[in-house]
Amino acid sequence: MTNMNAVLFEAHGGVDVLKYAEAPMPQPKKGEVLIRVQACGLNHLDIWIRQGLPGISLPLPHIIGSEIVGTIAELGPDSNRFKPGDRVLVAPGISCGQCPACLKGRDSLCREFKIVGLQINGGYAEFVAVPEKNLIPLPGQGLKPEEWAAVPLVFLTAWHMLITRAALQKGETVLIHAAGSGVGSAAIQIAKMQGAKIFTTVGSDEKIKKAEVLGADVVINYKKTDFAQEILRATNNRGVDLVLEHIGPDTWAGSMRCLARGGRVVTCGSTSGPKVELDLRFFFTKELSVLGCYMGSRRELDQVIGLVAEGKLKPVVDAVFPLADAAKAQAKMESRELFGKLVLKI
Ligand SMILES: [Zn+2]
């Protein structure tokens, strides 16, 4: 086989630039293996890459997709840990493994850090070549490929945000924005496991019950109620210890307003735009902290995968689309009318 089917884009832009077409079969280089993709999760990152990211120029055409589950199709020239047919999940982060950040286990700070689907072609395709060291073996039974594909990036990011960066403690209060988003639905489960009291927001009443089932204690429909005001009311004007942000300008002012003294905001994204304002007077007098988060480390991913395999964390899949309908799936993601993850089945 010299060609495969893939969804690619030849120029940055809206969903209509995504084309279901033939692409050259990837050839695994030294240290790489060829994966036959079974399922690939969608992320907001996919949309940002499709639209074009400042400072990153990609060779085009490009194939996105960072959450890949599949089987080994072909081993590379020097690979030996796996055999053809083995079921694997691809860790999305690629790092050098040798620099001080990598040696400290903080690989997402590696200066050579890359993400599968961003700097290299990803999983919106029948096949993908990835470094063998990125493969995580999956149990033969249990979750389906499309459920596993809803795990890596969002659970890793949510874990890194709540546990590693913000050090969420038992008994603390946390606001997790957008229970229906991938990172929100993962974060609620992790915060629950940690023993925190969870406030969350949804954009429609139909999502309230689903958020409660995941473990949220107080669910606020942000279209009907000012979430910051509601949190201040519910906490007797104290506010929450931690806010998990990924929305940006639409929610930022409220997120800062409903923080308790000594509170912290941890952010991994900005789906409503890149810039926010910070009122320094409240920032220093309340001793607030703002923490950035970019994915997480391989060690944390292994931990999260273990918790999913034990059934302690559960992937939340809203819908599964065939590969050819990737543009439709991204349009649904942009509409925000979903609860959990969208996944392509290949
Ligand atoms: Zn490194």
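This passage walks through a predicted model, from its metal site to its sheet, some of its helices and two buried residues.

Let's start with the metal. Four cysteines hold the zinc ion through their SG atoms: Cys96, Cys99, Cys102 and Cys110, at 2.3 to 2.4 Å. Along the sequence, these donor residues follow the spacing C-x2-C-x2-C-x7-C. The angles among the four donor atoms run from 106 to 115°, and the site of the zinc ion is tetrahedral. For a student wondering what to compare that with, the ideal angle for four tetrahedral donors is 109.5 degrees. One of the donors, Cys102, has a relative accessible area of 12%, so it counts as buried, the cut-off being under 20%.

Next comes the sheet. Six strands make up an open sheet with parallel pairing, and they line up in the order S12-S11-S10-S13-S14-S15. Strands S12 and S15 (289-292) sit at the edges with a single partner strand each, so one side of each has no neighbour in the sheet. On average, neighbouring strands here are turned by 20° against each other, if direction is ignored. Looking at one pairing in the sheet, strand S10 (residues 173-176) runs parallel to S11, and four bridges join the two. Leu175 has Phe199 in S11 as its bridge partner. Helix H4 (residues 152-165) lies across several of these strands, namely S10, S13 (240-245), S14 (259-267) and S15, and runs at about 155° to S13.

Now for helix H6, which spans residues 206-214 and has Lys207, Ala211 and Leu214 buried. These three cover an arc of only 55° around the axis, so they end up on the same side of H6. Lys209 and Val213, on the other side of H6, are exposed. So what covers the buried residues of H6? The cover includes helix H5 (182-193) along with two strands, S11 (197-202) and S12 (218-221). Just past the end of H6, Gly215 takes a positive phi of about 130°.

Ser185 is part of helix H5. Its relative accessible area is 2%, so Ser185 is buried, with the cut-off set at under 20%. Apart from neighbours within four places in sequence, Ser185 is in contact with Ala179, Leu214, Val316 and Gly340. Leu214 has already come up as one of the buried residues of H6.

Over in helix H1 (residues 44-51), the buried residues are Leu45, Asp46, Ile47, Ile49 and Arg50. Among the elements covering them are strand S3 (32-41), strand S7 (114-115), H4 and helix H11 (326-335). H4 is the helix that lies across S10, S13, S14 and S15. Right after H1, Gly52 has a positive phi, about 105°.

Last up is Val17, which is found in the loop between strand S1 (3-8) and strand S2 (19-24). Is Val17 buried or exposed? With a relative accessible area of 18%, Val17 is buried, because the cut-off is under 20%. Once neighbours within four places in sequence are set aside, Val17 is in contact with Leu8, Phe9, Ala11, His12 and Arg50. Arg50 is also one of the buried residues of H1. As for Gly41, its C-alpha is 19 Å from that of Val17 in space, and the two residues are 24 residues apart in sequence.

Key: Residues numbered from 1 in each chain as written. Predicted model: local features only at pLDDT ≥ 70, side-chain atom pairs only at ≥ 80, totals over all residues. Heavy atoms only, no water. Donors = N, O, S within 2.8 Å, 3.2 Å for Na, K, Ca; no water. Tetrahedral: all angles 85-135°; square planar, octahedral: opposite > 155°, others 65-115°. Buried < 20%, exposed > 50% of the residue type's maximum accessible area, 1.4 Å probe, protein only. Arc of directions from axis to C-beta. Contact = heavy atoms within 4.5 Å. Pairing = 2+ DSSP bridges. Axes fitted to C-alpha atoms, helices over the stretch in contact; angles between N-to-C directions.
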